[in-house]
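Welcome! Let us walk through this structure together, looking at how some of its helices pack and then at one of its pockets.

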Amino acid sequence: MCAAHSCAAHPTKAGSIVSVVDQKAVELPPRISEAGVADYFALLKPRVMSLVIFTALVGLMIAPGHVHPVLGFIAILCIAVGAGASGALNMALEGDIDVLMSRTANRPIPRGRITRGEAMGFGLTLSFFSVMTLGTLVNWYAGGLLAFTIFFYVVIYTMGLKRRTAQNIVIGGAAGALPPVVAWAAATGSLSVEPLLLFLIIFFWTPPHFWALALFRSDDYARAGVPMLPVVAGPDATRLQILLYTIVLVAIAAAPWPLGYFDWIYGVTSLILGAGMLVLAIEVYRHRTGSQALRATRRLFAFSIFYLFALFAVLLLDVVAKAVAPLIW
């Protein structure tokens, strides 16, 4: 028998009776997620994660003393998962602007594959387990730094800076610069000058890298209402800032050699790579319109990725070479 508020009998012309159901009284089945493994993997921002893993590995390898391989693996894994958690939380909080930008429109949330709530739960779960695992199995100094890194990226950068200031990428870049510091702390339980130098290199690398991207994606950011520097200050002011930050980056990246922290192989490599970055930054500053301007910004963006990987790779290869040399000779 139907409840009085949910069903009513209505006669038809033929005299038969039809039941009309109140739609509000019908309980819909729960939503079945269409997300697959690939969608959740995309939430982790794998390209960003690869950079985090590599810079953290370098921080771990150049640290003094001996780290047990299992603990080293756990440290890098936790840092990688923490970075992925930050990416998932970032996407959960930025789903409304990701759908407006061509660069991000194919992410799982804008496509409707994953809800913002699911992404948030996924990110929070990964954050908790990455920090707790690193702290419990390695040391709490590293665990605390990883927790701060996630907090800085999600709360300070994503929630506080991204939509409010053109300096978002400058200040927020600190989060991306912390992984080698966390890895060093995992290996030693302390901090030193070397990981802080790695931090400074990544910190000053971030603005010219992302502003080069923002120059040829400025329409995207303007449409989404994100106050990136080209949108707020204009492309010419952005080109000047790219050049100035690149000059500082080249100087800071070369400084560890004369200061005696890294050897001459690193020093020469940093000067060669720095010269390449500086030439491309000058090209971006000089060419301001047309296809030449677009090509210059794209070349700087692409080279900046190679620059950072190559610079850190030299440090990693130097450690490996010093470890293998006694076995050969």
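This is a predicted model, so please read everything below as a description of that prediction. A good place to begin is a meeting of two helices: Thr 149, Phe 152, Tyr 153, Tyr 157 and Leu 161 in α6 touch Asn 168, Ile 169, Ile 171, Gly 172, Ala 174 and Ala 175 in α7. Sorted by class, the residues of this α6 and α7 contact are 8 nonpolar, 3 polar and no charged. To find the two helices, look at residues 140-161 for α6 and residues 168-177 for α7. Their axes come within 8 Å and cross at roughly 165 degrees. Because angles over 145 degrees count as roughly antiparallel, α6 is roughly antiparallel to α7. The crossing of α6 past α7 is left-handed.

Now stay with α6 and turn to another of its partners. Helix α5 covers residues 116-137, and it packs against α6 at an angle of about 160 degrees, with the two axes 6 Å apart. This pair, too, is therefore roughly antiparallel. Here α5 passes α6 in a right-handed crossing. From α5, the residues in contact are Ser 127, Ser 130, Val 131, Met 132, Leu 134, Gly 135 and Thr 136. On the α6 side they meet Trp 140, Ala 142, Gly 143, Leu 146, Ala 147 and Ile 150. The contact of α5 with α6 divides into 8 nonpolar, 5 polar and no charged residues.

Further along the chain, another pair is worth a visit. Helix α9 (residues 193-216) and α14 have axes that come within 8 Å and cross at roughly 160 degrees, and so α9 and α14 are roughly antiparallel to each other. Their crossing is left-handed. Many residues take part: among those in α9 are Leu 198, Ile 201, Trp 205, His 209 and Phe 216, and among their partners in α14 are Leu 294, Arg 298, Phe 301, Tyr 307, Phe 312 and Leu 315. By class, the α9 and α14 contact holds 18 nonpolar, 3 polar and 1 charged residues.

Helix α14 also leads us to our last stop, the second largest pocket. Which helix gives the most to its lining? That is α14 (residues 290-328), with 4 residues. The pocket has a volume of about 210 Å³. Its lining consists of Ile 62, Pro 64, Trp 184, Glu 194, Tyr 261, Phe 262, Asp 263, Leu 315, Asp 318, Val 319 and Lys 322. Grouped by class, the lining has 7 nonpolar, no polar and 4 charged residues. Leu 315 of α14 appears in two places on our tour: in the contact with α9 and in the lining of this pocket.

Notes:
Residues numbered from 1 in each chain as written. Predicted model: local features only at pLDDT ≥ 70, side-chain atom pairs only at ≥ 80, totals over all residues. Heavy atoms only, no water. Axes fitted to C-alpha atoms, helices over the stretch in contact; angles between N-to-C directions. Parallel < 35°, antiparallel > 145°, perpendicular 65-115°, else oblique. Left-handed = near helix turned anticlockwise from the far one by under 90°. Contact = heavy atoms within 4.5 Å. Nonpolar A, V, L, I, M, F, W, Y, C, P; charged D, E, K, R; others polar. 1 Å grid on protein atoms, 1.4 Å probe; cavity = no way out; pocket = protein on both sides within 12 Å on 5 of 7 lines; lining within 4 Å. Points joined across faces, edges and corners; volume = space filled by probe spheres on them.
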